[in-house]
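Reader: I am in my first year and still learning to read protein models. Could you take me slowly through one part of this one, and show me how that part sits among its surroundings?

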Amino acid sequence: MTDIPAGWAWATLGELGRWVGGGTPSKSIADYWIGDIPWVSPKDMKVERIADAEDHISRSAVDESATSLVPAGTVLVVTRSGILRHTLPVAVTECAVALNQDLKALIPASGVEASYVAWALRASAALILRECTKAGTTVSNIETARLMAFRIPLAPPAEQRRIAAAISSW
């Protein structure tokens, strides 16, 4: 890997906070699909910031299924989809959302800025797709263990905020 500025460190994605996966509440329970909680799937991941989703679920759907509810400021990454053949969708949540099983979510640790991580993932997308995609599957998959081991340069928190703000203003 290349040199990084003084005060920076190389960090694996797994070290940046708590990662969670998602799930799909039963479609046969209609009450699960009548709610106000955005349920994010790859079809919603065409934007850099997630403020809503096409589908919504109820609190009971979250409580009684494998989906996960994550807070605002969480980094979402598509890890299973045909789009992974050429694109790595990454977004940051602006509100609490639930997610389906085709996504992984990073709830950043203290001192880790979600927007900085999202931009680092976007900048490394081609390398992540090359190094972390599971071979021989019908639908493209990012292998979780490889993704967690992927390293990015981690700036000090104030520098993370400055870099993310500068990139976002372009």
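Author: Before we look at what packs against what, we need one definition: two residues are in contact when heavy atoms of theirs lie within 4.5 Å. Please also keep in mind that this is a predicted model.

The part I would choose is helix α2, which runs over residues 114–123. Of its 10 residues, 7 are buried, so the helix is largely enclosed by the rest of the structure; buried here means that the relative accessible area of a residue is under 20%. The buried residues of α2 are Ala114, Tyr116, Val117, Ala118, Trp119, Ala120 and Leu121. In general, an α-helix has 3.6 residues a turn, so residues three or four places apart point the same way. What do the buried residues of α2 pack against? Their partners include the strands β7 (75–78), β8 (90–93), β10 and β13 (151–154), and they also pack against two helices, α3 (125–132) and α5 (157–168).

Strand β10, one of these partners, leads us to a second place worth a careful look, since the loop between β9 (97–99) and β10 (103–108) holds Asp102. With a relative accessibility of 13%, Asp102 counts as buried because the cut-off is 20%. The side chain of Asp102 makes a polar contact, at 2.6 Å, with the side chain of Arg80. Leaving aside residues up to four places away in sequence, Asp102 touches Pro42, Val77, Val78, Thr79 and Arg80.

Strand β9, on the other side of that loop, has residues 97–99, and these numbers return when we turn to Ser68, a residue of strand β6 (68–70). Ser68 touches Val97, Ala98 and Leu99, and also Val20, Gly21 and Gly22, again not counting residues up to four places away in sequence. Ser68 is buried, with a relative accessible area of 17%, and a polar atom of its side chain lies 2.6 Å from the backbone oxygen of Gly21.

To set these places within the whole, the protein has 5 helices and 13 strands, and buried residues make up 44% of its 170 residues. Among contacts between residues at least 6 apart in sequence, 70% join residues that are at least 24 apart. A compact globule with 170 residues would have a radius of gyration near 15 Å, and the 16 Å of this protein agrees with that.

Note on methods: Residues numbered from 1 in each chain as written. Predicted model: local features only at pLDDT ≥ 70, side-chain atom pairs only at ≥ 80, totals over all residues. Heavy atoms only, no water. Helix = DSSP H or I, 4+ residues; strand = E, 2+ residues; numbered from the N terminus. Rg over C-alpha atoms; globule rule 2.2 N^0.38 Å. Buried < 20%, exposed > 50% of the residue type's maximum accessible area, 1.4 Å probe, protein only. Polar contact = N/O pair within 3.5 Å; in protein donor to acceptor, adjacent residues only side chain to side chain.
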